[in-house]
Structure formats: structure tokens, C-alpha cells
Amino acid sequence: MKCIAIIPARYASTRFPGKPLAVLGGKPVIQHVYEQVSSVLDEVYVATDDERIYNKVLEFGGRVVMTSPNHKSGTDRIEEAANKIGTDADIIINVQGDEPFIHPSQIRSLIACFDEPTTQIATLGKPFGADADMSLIDNPNSPKIAVDNNGFALYFSRSVIPYIRGTEHAEWAGNYPFLKHLGVYAYRTNVLREITKLPQSSLELAESLEQLRWLQNGYRIRVGTTDIETVGIDTPEDLKKAEKVLLERNI
């Protein structure tokens, strides 16, 4: 089973323009992501719509593909890049260009999801933990996952799912293993081509979660688990936090 990774990275961002090129520990954020993924996979590409990012990736010795500026999602950008590469990979992994601390074990967990033949798409979830503060679970910017007994996603939501009836809200974390969604994906190559042709679905539009389009159209998403927290960079404040994490981990 051949696996490659494609890292979508665009320059435009409402909250943090140019964040893939923001310097973290002496390197651009996109280089951190690239090096982390390359520690697991031999074939890694960045897919971008910006010449500055394109040139920076070439500068640090990475592979990069120029794509259209009109894509609405990283998944669409990855599909175009895969076509340009002409890959014969069975599995394509999508790691966002603002995840400098993606861990090698998380990449391996995604790949392992495809040991199950019926897996079409894979993603990761991290348990919040029984002692988690409910404010973290309530946060709509941290989507939650409900899974079936075989580890496939039943639903993703910005709301807290499931609702715990008959228990004080503050005590919910201790009564159910809530699962936080981490936005990394892997797709069978033929499935990637199919899902990028789907129109937006009613559930996706309601929650603003792209993966609901796939679920609503009957695709099976297997959820691997990890105990490692990722540190995504969405704002300049996140970059400052990432600098502290970098020092603590001595990366």
C-alpha cells in the first residue's frame, strides 16, 4: 500500500495572512510541517497557490505543486495536486500547513486505519479526558466525533455530542469519553476524486464542517485515536504559544 502526503498551504488568511511563512524557531511553519511528515513518508508535497510559499519550499529542498487560487477547501487543492503529480499512490494523506507539531505516530495511526478494507477516509480523534474542563468540550471551534463500535464516524459536530441526560452539565466529561476531532485526513485515491465532485450538503452548510458532506453521501470515515495534542496556528497569538511549545519540547 503506497502512501504519500500532500500539505495544502495558502497565503491568504483572514486571521493570519502568510502564516505558512511565519518563522517558528528559525524556520517557516511550513518547513516544520514538511519535516515532521517526511520523517514517516518518503514522498511529501506542498500544494499552494502562492509563489512566495512555492519558492520557500523549493529553498528548503521540498517538493511543491502550484495549484489554483480558487479552491474552497484543502481537499480540493490536494485533489488538483494529486492529478498534477500523476501519483500511483493508494492513499493520500492531508496534513494542514499550519500544524507544525503533527507527530509521526499520528501519521502512522492514519495509515493503519486502512488495514480495514472498508475504510474510505480516515481521520483522528483525541479523547478530552474524564477530568477535562467542560468549557473545552463546549468550544464550537473544537468539533466532536461520535463513533460506532467499529471505530467509524457516526457524526461530527461543533455541539457537544452526545447529550448526557440526567447529569449536571459540569459533570458530563466524567460520564462519557468525549472525542475531539483533529483535522488531519487520509483518503483512498479514488475516493478523493469522488468526494471533490460532491456538492455541499445541508449538514455541511449547517455546521461548516466539510467532512459532513462525505458522511451525508454515505462514505465511511474511520477514526484513529491519539493522545497527542496538536498545536495548530490560526493567529499570531497561536504562533507565540507555538514558540513556547517548541522551547518546552526542545525541537
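# A guided tour of the predicted model

Begin by selecting strand β4, residues 44-48, together with strand β5, residues 63-66: the two run parallel and are joined by four bridges. As you look at this pair, keep in mind that the model is a predicted one. For a single point of attachment, pick Y45 and then R63 in β5, which is its bridge partner. Now add helix α2, residues 51-59, to the selection, and you will have a right-handed β-α-β unit made of β4, α2 and β5.

**Stepping back to the whole chain**

Show the full chain as a cartoon, and its secondary structure comes to nine helices and 11 strands. The radius of gyration is 18 Å, close to the 18 Å that the globule rule gives for 251 residues, so the chain is as compact as a globular protein of that length. If you turn the C-alpha trace along its principal axes, it spans about 60 × 40 × 30 Å. With a surface displayed, you are looking at an accessible area of about 12100 Å², of which 47% belongs to carbon and sulfur atoms, while 53% of the 251 residues count as buried. Among the contacts in the chain with a separation of 6 or more, 67% are between residues 24 or more positions apart.

**Salt bridges around helix α2**

Return to helix α2 and select K56 and E59, which both lie in this helix, three residues apart, or about one turn. Their side chains meet in a salt bridge, with 3.2 Å from N to O. Which of these two is exposed, and which partly exposed? E59 is exposed, with a relative accessible area of 61%, whereas K56, at 27%, counts as partly exposed. Elsewhere, K2, E43 and D88 are joined into one network by salt bridges that share partners.

Next, select R52 and D50, which form a salt bridge whose closest N and O atoms are 2.8 Å apart. Here D50 counts as buried, at 9% relative accessibility, and R52 counts as partly exposed, at 46%.

**A link between distant parts of the sequence**

The structure holds 11 salt bridges, and one to visit now is that between the side chains of K19 and D234, at 3.3 Å from N to O. K19 lies in the loop between β1 (3-9) and β2 (23-24), and D234 in the loop between β11 (221-225) and α9 (236-249), so the pair ties together parts that are 215 residues apart in sequence. Is K19 buried or exposed? At 14% relative accessibility, K19 counts as buried, while D234, at 29%, counts as partly exposed.

**A last stop in strand β8**

Finally, select V147, whose place is in strand β8, residues 144-147. This residue is partly exposed, with a relative accessible area of 33%. Which residues does V147 contact, once its neighbours within four places in sequence are left aside? They are F152, A153, L154, L179 and V223, and displaying their side chains alongside V147 will let you inspect each of these contacts in turn. To end the tour, place a distance label between the C-alpha atoms of V147 and I221, which are separated by 9.5 Å although the two residues are 74 residues apart along the chain.

Methods:
Residues numbered from 1 in each chain as written. Predicted model: local features only at pLDDT ≥ 70, side-chain atom pairs only at ≥ 80, totals over all residues. Heavy atoms only, no water. Pairing = 2+ DSSP bridges. Right-handed = clockwise from strand over helix to strand, strands pointing away. Rg over C-alpha atoms; globule rule 2.2 N^0.38 Å. Buried < 20%, exposed > 50% of the residue type's maximum accessible area, 1.4 Å probe, protein only. Contact = heavy atoms within 4.5 Å. Areas by Shrake-Rupley, 256 points an atom, 1.4 Å probe, with all protein chains shown as cover. Salt bridge = Lys/Arg side-chain N within 4 Å of Asp/Glu carboxyl O.
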